[in-house]
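Open the model in your viewer and keep the sequence panel within reach. We will go from stop to stop, and at each one you will hear what to select and what is there.

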Amino acid sequence: MRKTKLYMDTVVDIKVVTRYSKEETEEKINRAFQAFQKVEQACSRFSAASELMQACQNVGTPVKISPFLFQPLQFALEMAKFTDGLFDPTVGKVMELHGFNRHYLTGDTIESPSAAAVTYHDIELDQQTHSLLLKKALVIDLGAVAKGFAIDLAANELNEFDGFVINAGGDLFAGGVDENRNLWKIGIQHPYQKDKIIKTIEISDEAICTSGSYERRNPALPEGHHIVNPKTKCSPNELISSSVIAPYAMMADAFSTISFLQGIKKGKSLLEKVDLKGLLITPELQIVRVGGI
Amino acid sequence: MKKVDKKWVLLCSTAIAAVYSAGYYTTESQAAVQPIQQHIVSNLQKNNDSLNGTGKKVVNSQKNKLYKDGTFTGSGWNRRGSIGVQVTIKNDKIKDVEISDFAMHYSESDVVGLPDEVLKKQNAQVMNVSGATYSTQAFQDAVQEALDQARNA
């Protein structure tokens with residue numbers, strides 16, 4: 001069975017290999033979709049009503065936040081430390097200024113207050129009280145982790161099936177086996193030919209996420225796209241696509257973004273350092289395989 | 001599977017566990033829908049308070065809302081054919097957008113193999129594809145059409 005819904009400004013497609021009745025299967029799939037709904041309501045920077053945007057109205061006072069926000073934010077902050085700020089969830093205002101400021105369903109645009117210069121050091125999380133403290137006004141962008149987190153939660157809901165694939169606009173987790181009891185066969189999108197695949201891989205109980213500059217171009221700048229280096233405030237163009245395979249989608253999501261930001265050499269050595277498999281593609285379609293993919 | 005960096009794996013699994021242990025994602029499906037109902041009730045009360053200040057719990061009247069409650073359909077086109085959406089609205093909030101007839105599929109014939117790669121032929125198996133996150137732009141017309149139908153005159 002297969003169902004498709006819109007969440008987080010993308011298409012979320014869930015497919016299961018089921019032995020359950022139609023009703024039972026549908027109910028379980030709907031529970032998996034709820035993960036996306038909950039994470040979106042918690043983490044969206046496009047909706048003033050989201051838990052994130054509500055919490056960010058309080059500068060200088062700790063605010064208790066739910067795990068749907070706390071956990072991906074904590075993961076993003078760890079990544080920021082690990083990459084010395086190349087990956088930085090405080091890039092939200094820069095994204096807003098680059099024209100990524102519009103809610104995909106309502107069309108409403110958002111303009112948030114922010115201090116001029118912000119980094120992840122301006123965010124503090126308290127493990128004991130599960131609270132968030134902003135030292136400056138800023139906009140948090142969890143675009144590189146929240147979707148992955150929702151995929152991981154949804155996967156947890158679908159564990160009882162013999163097989164399932166959750167594909168959230170090109171970031172996916174494949175659990176168990178396909179209809180023919182084989183590993184799931186996954187294609188990696190060709191960067192220039194929309195209907196073509198550049199490589200196929202086989203995975204089971206793993207996620208693959210791809211960061212690329214060929215979708216979501218910057219509405220304001222011809223050279224820009226939706227992946228922005230927080231330090232230079234520019235979009236890197238050394239790679240056109242970076243795919244990473246990991247045990248969790250949140251991990252694959254973050255590392256595909258980071259390797260994309262780092263480019264060929266550094267991206268490759270980063271993936272080797274953390275022992276992940278990946279496929280980096282340059283605009284000239286030079287393909288760099290990492291970790292025996 | 002290769003050995004991977006334990007720190008990140010641990011952070012991911014702890015993150016999932018934290019959601020469950022905090023009781024935010026209950027195992028009972030009945031309980032799972034409750035927060036939404038509570039949310040609606042509190043919305044109703046809030047609306048009512050702001051309207052007449054009595055604080056009495058009454059059902060929100062239809063004419064105060066921009067949109068009708070219910071599920072509405074819309075359709076549009078993407079490069080592979082027609083797409084349909086079912087938009088569910090409750091209390092002027094979009095609760096759910098389900099896609100029907102979505103053709104973002106790839107088949108074996110769409111595969112551009114690398115020179116050294118030989119692909120096994122399989123009978124028109126539909127493929128799952130990983131790529132840069134594509135946006136919902138193609139669906140916006142369809143969603144708008146559904147919203148237009150739901151709008152109260």
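## Where the two chains meet

Start by selecting both sides of the contact: 64 residues of chain A and 41 residues of chain B take part in it. Which element gives the chain A side its largest share? Strand β8 of chain A, residues 184-189, does, with six residues. Now colour the chain A side by class, and you will find 28 nonpolar, 20 polar and 16 charged residues. Keep in mind as you look around that this is a predicted model.

## Chain B in outline

Next, show chain B alone as a cartoon. Chain B has three helices and four strands. Followed from the N terminus, the order of its elements is α-α-β-β-β-β-α. Colour chain B by burial and 20% of its 153 residues come up as buried. Among contacts in chain B with a separation of 6 or more, 43% are between residues 24 or more positions apart.

## A helix with a buried face

Select residues 6-21 of chain B, which form helix α1. This helix has 16 residues and spans 22 Å from its first C-alpha to its last, close to the 22 Å expected at 1.5 Å a residue. Which residues of α1(B) are buried? They are W8(B), C12(B), A15(B), I16(B) and V19(B). Turn the view to look down the axis of α1(B): the buried residues fall within an arc of 90°, so they line one face of the helix.

Bring chain A back to see what lies over these residues. The cover for the buried residues of α1(B) includes three helices of chain A, namely α3 (67-82), α5 (146-157) and α6 (249-262). Then swing round to the other side of α1(B), where K6(B), K7(B), L10(B) and S21(B) are exposed. Before you leave, click on G23(B), which follows α1(B) and has a positive phi, near 75°.

## Strands that pair across the chains

Now select residues 2-7 of chain A and residues 93-100 of chain B. These are strand β1 of chain A and strand β3 of chain B, and they pair in the antiparallel sense over two bridges. To see one facing pair, pick K5(A) and look across to E98(B) in β3(B).

A second place to look is an open sheet of three strands, in the order β9(A)-β8(A)-β4(B), with mixed pairing. Why is one side of each edge strand left without a neighbour in the sheet? The edge strands, β9 (197-203) of chain A and β4 (128-130) of chain B, each have a single partner strand, so one side of each has no neighbour there. From one strand to the next, the twist averages 35°. Zoom in on β8(A) and β9(A), which run antiparallel and are joined by six bridges. Here W184(A) stands opposite I203(A) in β9(A).

## A sheet within chain A

Hide chain B and select strands β3, β5 and β4 of chain A. They form an open sheet in that order, β3-β5-β4, and the pairing is antiparallel. At the edges stand β3 (63-64) and β4 (123-126) of chain A, each with a single partner strand, so one side of each lacks a neighbour in the sheet.

Begin with β3(A), which two bridges join to strand β5 (residues 131-134) of chain A. The bridge partner of V63(A) in β5(A) is L132(A). On the other pairing, β4(A) and β5(A) run antiparallel over four bridges, and D126(A) stands opposite S131(A) in β5(A). These two strands make a hairpin with four residues between them, where H130(A) takes a positive phi near 50°.

While β5(A) is on screen, show its side chains. In a regular strand, side chains alternate between the two faces of the sheet. In β5(A), L132(A) and L134(A) are on the covered face, while S131(A) and L133(A) are on the uncovered one.

## Last stop: I29(A)

Finally, select I29(A), in helix α1 (residues 22-43) of chain A. Is I29(A) buried or exposed? I29(A) is buried, because 24 other C-beta atoms lie within 10 Å, and the cut-off for buried is 20 or more. Leaving aside neighbours within four places in sequence, I29(A) is in contact with M1(A), K3(A), I14(A) and V16(A). To finish, draw a distance from I29(A) to T61(A): the two are 32 residues apart in sequence and 39 Å apart in space, C-alpha to C-alpha.

Notes. Residues are numbered from 1 along each chain as its sequence is written. Chains are lettered from A and ligands numbered from 1 in the order in which they are written. This is a predicted model: local features need pLDDT of at least 70, side-chain atom pairs count only at pLDDT 80 or more; totals for chains, interfaces and linings use all residues. A residue is buried if 20 or more other C-beta atoms lie within 10 Å of its own, exposed if 12 or fewer, and partly exposed in between; C-beta atoms are placed from the backbone. Two residues are in contact if their C-beta atoms, placed from the backbone, lie within 7 Å. Ala, Val, Leu, Ile, Met, Phe, Trp, Tyr, Cys and Pro count as nonpolar, Asp, Glu, Lys and Arg as charged, and the others, Gly among them, as polar. Two strands pair if DSSP finds at least two bridges between them. The expected span of a helix is 1.5 Å times one less than its number of residues. The arc is that of the directions from the helix axis to the C-beta atoms. Axes are lines fitted to C-alpha atoms, for helices over the stretch in contact, and angles run from 0 to 180 degrees between N-to-C directions.
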